[in-house]
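Q: I'd like to learn how to read burial, packing and helix geometry from a model like this one. Can you walk me through it?

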Amino acid sequence: MNPRLASAALAGLLFGLGLAISGMTEPDKILGFLDLAGAWDPSLALVMSAALAVSLPGYRYAMRHPRAVCADPLQLPTARKLDNNLVLGAVLFGAGWGLAGYCPGPAIANLARLNPEVLAFLPAMFAGSLFAARLSR
Amino acid sequence: MSPHFTPVSALVGGALIGLAAVLLLRLNGRIAGISGILNGLFDRPPGDLGWRLAFLLALIAGAGGWFALSGTLDAPRQGFSVPILIVAGLLVGAGTRIGSGCTSGHGICGLSRLSKRSLVAVLVFMASGFATVALMRHGLA
């Protein structure tokens with residue numbers, strides 16, 4: 001198999017496993033974290049902390065190499081400005097996340113069990129993204 | 001605190017997510033931001049479809065494997081409002097496009113690059129999430 005596809009699949013597999021094992025595929029756990037006034041579930045904070053504990057040093061290591069193992073140059077975001085779109089986008093994203101407890105990764109992961117909720121959520125998500133992209137043309 | 005707090009699986013799962021992000025960067029040179037990977041599927045001209053599809057399909061397989069192993073193939077939440085799911089989807093789709101990232105893109109990859117933009121994005125979307133849940137669960141009743 002093409003090595004780029006194999007390594008992307010390996011990363012995807014671990015990512016999906018991680019999402020499911022950590023409980024991030026359960027919207028009630030996400031909403032439990034976002035519900036500061038309720039029965040607070042700190043799990044998401046632990047998930048992020050553990051992820052960063054690996055990825056902070058891991059990224060520092062990876063970014064020392066201008067090229068990836070597959071020989072492609074690293075494709076890192078180049079935007080630097082703290083602009084209005086960044087903030088507006090984050091406000092909208094956070095609102096949608098807080099409404100239903102899904103962000104893109106967990107929604108895609110839930111396709112694995114044909115969760116009917118994401119069959120409603122995902123088309124809307126794609127529509128929202130395409131609409132926003134059109135607006136900025 | 002919630003009785004549903006699951007520290008060990010949170011730490012293990014989180015570490016796997018972090019590892020996955022590092023692997024995608026070191027091996028493929030790519031950012032493991034799910035909203036970005038998805039949006040890239042619709043880029044014109046089409047390019048990079050291969051690794052994106054490989055990643056996403058494997059993500060589904062990985063999650064599905066765990067669901068099967070742990071007996072959670074039946075998603076626990078039932079009866080949630082479909083109109084709210086749709087509005088939520090629209091907001092997440094538009095917001096991640098306009099803001100150039102999501103919890104994995106900004107929250108894990110961006111922070112790991114020490115990006116100020118991502119730090120701002122994370123603080124803002126967390127605040128927005130907290131406020132939305134506060135309103136939905138405690139503010140409008």
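A: Let's start with burial: a residue is buried when its relative accessible area is under 20%, exposed when over 50%, and partly exposed in between, using a 1.4 Å probe and protein chains only. Helices (H or I, at least four residues) and strands (E, at least two) are DSSP runs, numbered from the N terminus. Now take helix 2 of chain A: seven of its eight residues are buried, so the rest of the structure largely encloses it. Those buried residues are Pro27(A), Lys29(A), Ile30(A), Leu31(A), Gly32(A), Phe33(A) and Leu34(A).

Q: Before we go on, what kind of model is this, and how are things numbered?

A: This is a predicted model, where local features need pLDDT of at least 70 and side-chain atom pairs count only at pLDDT 80 or more, while totals for chains, interfaces and linings use all residues. Residues are numbered from 1 along each chain as its sequence is written, chains are lettered from A and ligands numbered from 1 in the order in which they are written, and side-chain values use heavy atoms, with hydrogens and water left out.

Q: What do the buried residues of helix 2 of chain A pack against?

A: Here you need contacts, meaning heavy atoms within 4.5 Å. The buried part of helix 2 of chain A packs against helix 3 (43-62), helix 4 (84-100) and helix 6 of its own chain, along with helix 6 (116-139) of chain B.

Q: How do I read the length of a helix, say helix 6 of chain A?

A: Compare its span with the expected one, which is 1.5 Å times one less than its number of residues. Helix 6 of chain A (residues 116-135) has 20 residues and reaches 29 Å from first C-alpha to last, close to the expected 28 Å. At its start, a side-chain oxygen of Asn115(A) comes to within 3.0 Å of the backbone nitrogen of Glu117(A).

Q: Which residues of helix 6 of chain A are buried, and what covers them?

A: The buried set includes Glu117(A), Val118(A), Phe121(A), Leu122(A), Met125(A) and Ser129(A). Their cover includes helix 2 (27-34) and helix 5 (104-109) of chain A, plus helix 2 (34-39) and helix 4 (82-98) of chain B.

Q: How do I zoom in on single residues, such as Glu26(A) and Ser35(B)?

A: Ask where each one sits, how buried it is and what it touches. Glu26(A) lies in the loop between helix 1 (3-21) and helix 2 of chain A, and it is buried at 15% relative accessible area. Setting aside residues up to four places away in sequence, Glu26(A) touches Arg113(A), Phe67(B) and Pro76(B). Ser35(B) belongs to helix 2 of chain B and is buried at 5%. Leaving out neighbours within four places, Ser35(B) contacts Pro104(A), Thr96(B), Gly101(B) and Cys102(B).

Q: And zooming out, what does each chain look like overall?

A: Start with the element count, then the box and the burial. Chain A has six helices and zero strands, and its C-alpha atoms fill a box of roughly 45 × 40 × 30 Å along the principal axes. Of its 137 residues, 54% count as buried. Chain B also has six helices and zero strands, with a C-alpha box of roughly 50 × 35 × 30 Å along the principal axes. Buried residues make up 52% of the 141 residues in chain B.

Terms used
Polar contact = N/O pair within 3.5 Å; in protein donor to acceptor, adjacent residues only side chain to side chain.
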